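Please open the model in your viewer and colour it by chain. The tour below moves from the whole contact between two chains to one pair of helices within it.

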Amino acid sequence: MKGWINGIGWVTPAGFGCGRENTQQPLCNGTLEIPKRKQVFAKADMRFGRLDEFSRVGLAAIAFCLRDAGTEEWDEKRSIGIVAASRYGCLQTDLAYLDTLLPEQGKLASPNLFAYTLANSFLGEAALRFGLTGNTLVFNHAETTALAPLCYALEELEWGGQQAIIAGICDLPAPAEFSSENETPGSLFVLLSKKPPVGQSAYGALELRAGKLIFSGEPVTDLSALIAACLTAEK
Amino acid sequence: MMRVVISRAATVTALGDGLDSLWDGLMAGQTGIAPFDRFSSDNYISDYAACIENLAAPPGTSLLDPLLERVATQIGALPADCRFLVASTKGEVDLLTQVRREEQQLPDAVLFEALIEKIAKRFSLKTTGYNINAACASSTLAVARAAAMISAGVADAVLVYAADLVSEFVFSGFSALQALSDQPCRPFDSQRNGLTLGEAGVALLLTSEKYADQQNEKPLAVVAGWGVANDAHHVTAPARDGCGLILACQQALEKADIDPSAVAAINAHGTGTIYNDAMELTAFNKIFGDFLPPLHGVKGSLGHCLGAAGGVEIAVACRALQEQQIPGTIGCKNPEAAAQGQISESPQPISGDYLLCSNSGFGGINATVILQGVTS
C-alpha cells in the first residue's frame, strides 16, 4: 500500500505552517495559539469565528496542508477524505457546552456550541470549504506514535475509490487532570494521494508493509520523525 | 477479495434485549418511545425518548456499563484473534455531565481510550481497537470499515460494538437546535416535525465467509457492498439534493456489483426531521427512479440511537432479509408523496436478495451498507 505525501500543514505550539515553507518538524510541547481567521484565510469567512477552538485548530491545519499541496482552490467537489486521530476529541467543547447547560437546567444551553460537540464536526467544516466528498471520520485511539491515522488512510486509499486522504492528528491541550509533559497539542495533517502531484515534487512515497510504515526506504518510528524526514527530503 | 458475513448480532434497545425481542416488537408495531424520567425535561421542547428498560448504574459510573454487560451476555465468546471497532458519538457523556455538575475532577473514564479498554476487557479481546466517530453514521461506517478489513484479508473476524445513551447533554442540545419533535417522531410523514432520541447497545460480529464456515457460525447475512461519502455542504444540515447519500449508495451498489433494481428494500435513516427525510427521498428517487423499492425506518419505534443507530438497523435488516418482510414505519401515517407509496406504518413483504441500509449525520457524512440474504 502506497501513497504520495503531497502536502503538510499544521497548527502547533511551534506556530502555523506549511511544509514547503519550513525546515523544522513542528510537533512539540508548549502553548498552543488558537488561530484567528486572518491567520488562515485571506478572504472573509463568517463561520470561522463561530467555530469552537478544536475545530479552528483542525480546520486551519487542513487548510495549510491543502495550500502546501497546491490544492486549496477548487471548482468541482473532489473525492478526498479526511481521517483525524484525537485523544481528547472535542472534550473542551463538551465542557464549555456543559457550562451553558448546567447553571439554568438547560434553559441557556448553547445550540452553536452543541453543534461542535461531535468530534467530526470540523471535518464537515473542512469538507464544505474545500469540496471534499470522501470518507470523513475521527478516530479515538490510545497510541503514542500518532501513525495510526496514516496507516488507516493508506488502507482506505488501497481499498476505496478516493483519490486522496488528508490524514493526521488534532488535539487541544489536555484538561489539567490528564496533562503531561509529553503532550504535543495541536493539529498536523498530511495529504496522501494515489498519484504524485503535478507541478511540484512530492515529499516522497509512504508505504504500509506488513503493518509498518516505510518512508524513503526507512521505517517510520513516529509522526514527528516522518515529518522531519519529509522536510529534509523537500530541501 | 473475501466475502464478508455478519455471523452474530446482539442488540439492547427500548424494545428489549436481543434481536428476537426487537424484531417481534417492530413487527407488532410497538414503540419504545414514551415520556421519561431520567432527567428533568421541563426546560426542553420534548419529554419523549426511547429509553432502555431497567437501565441503571451506581453513582459515579455510566449507564454504558450495564448496557455493555447486557450486550456482551448475548454475543458469546469471540474468536481469540478478533479485531474490534467501537462506534459511539459521546461515550460516557452521562458521567461527564455528572462530574461537571458536581465540580469533580474528570476521571479517565470520560476518555474514549478508557471505554475502548473496558470493551476489550469485557469481550476478552487481545487486539487493539479504536472508536470511530462519524456522528450518526458511526456504526454504519464501522461496519463498512470492518467489511473492508475482512474483504482485503487483513482480518478474519471483526467485532463492531456501538452504543449511545439518552443523555441530558444530547437531549438539551437537540432541543436547543429545535430539532426535537414535541411528540413521538414521525419519520417520512408529511407532518413530521423533528426527531425523538433513543439509546441502544449493539454488537455485530463480522467474519469472512470461509472463517464462518470453519467456526460453524451460521451467517445472518452477507455484507455485499458499502460506501461512504461527505455532502461537502453544511455541518448540521443535509444537502437538499442528497448528493452525499447518492454517492455513498452508488459506491455500495458498485461494490456489491448489482443494479439498483436488485435492491428489494431500503432501511432508511428516517430521523423524522423535515430536511433529513426529504433529502433521503430525493436521493433514493434519483438512484431508483420510478422503481423505488419498499422502504422503512425504525426510529418511530426506537428513537434516534445516534452512533448506534446504524448497527441496530443493520441487525434488523439481517432479519428482514431472512423473513422477507420489513417492519412498518411507526408514526408515518401520511407518507410523503416522494415515497411513491412504498412506505407504510404496517409491515411489508419484500422479495429479493438485497437490502440497502443508510445513515447520515452531522459533519455531512453519509454511509451505506448493502446486505445480501444468505440463502442466495
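**The interface, then one helix pair**

Begin by selecting chain A and chain B together: in this predicted model, the two chains bury about 4300 Å² between them, with 64% of that area on carbon and sulfur atoms. On the chain B side, pick out Arg100(B), Arg145(B) and Val235(B), which supply 14% of the area that chain B buries against chain A, more than any other three residues. If you now select the contacting residues, you will have 54 from chain B and 49 from chain A.

Next, display the polar groups, where 18 residue pairs are in polar contact across the interface, both residues of each pair being at pLDDT 80 or more. Colouring the side of chain B that touches chain A by residue class gives 30 nonpolar, 15 polar and nine charged residues. The salt bridges between the two chains number five, and one to display is that of Glu156(A) with Arg145(B), whose closest N and O atoms lie 3.7 Å apart.

Finally, select helix α6 of chain A (residues 148–159) and helix α5 of chain B (residues 138–151), whose axes come within 11 Å and cross at roughly 75 degrees. That crossing angle makes α6(A) roughly perpendicular to α5(B). Show the side chains here, and Tyr152(A), Glu155(A), Glu156(A) and Trp159(A) of α6(A) will be seen to meet Leu141(B), Arg145(B), Ala148(B) and Met149(B) of α5(B). By class, this helix contact comprises five nonpolar and three charged residues, with no polar ones.

How values were computed. Residues are numbered from 1 along each chain as its sequence is written. Chains are lettered from A and ligands numbered from 1 in the order in which they are written. This is a predicted model: local features need pLDDT of at least 70, side-chain atom pairs count only at pLDDT 80 or more; totals for chains, interfaces and linings use all residues. Side-chain values use heavy atoms; hydrogens and water are left out. Axes are lines fitted to C-alpha atoms, for helices over the stretch in contact, and angles run from 0 to 180 degrees between N-to-C directions. Helices (H or I, at least four residues) and strands (E, at least two) are DSSP runs, numbered from the N terminus. Angles under 35 degrees count as roughly parallel, over 145 as roughly antiparallel, 65 to 115 as roughly perpendicular and the rest as oblique. Contact means heavy atoms within 4.5 Å. Ala, Val, Leu, Ile, Met, Phe, Trp, Tyr, Cys and Pro count as nonpolar, Asp, Glu, Lys and Arg as charged, and the others, Gly among them, as polar. Buried area is the accessible area (1.4 Å probe) that two parts lose on being put together, summed over both. A salt bridge is a side-chain nitrogen of Lys or Arg within 4 Å of a carboxyl oxygen of Asp or Glu. A polar contact is a pair of N or O atoms within 3.5 Å; within protein, one must be able to donate a hydrogen and the other to accept it, and residues adjacent in sequence count only if both atoms are side-chain atoms.
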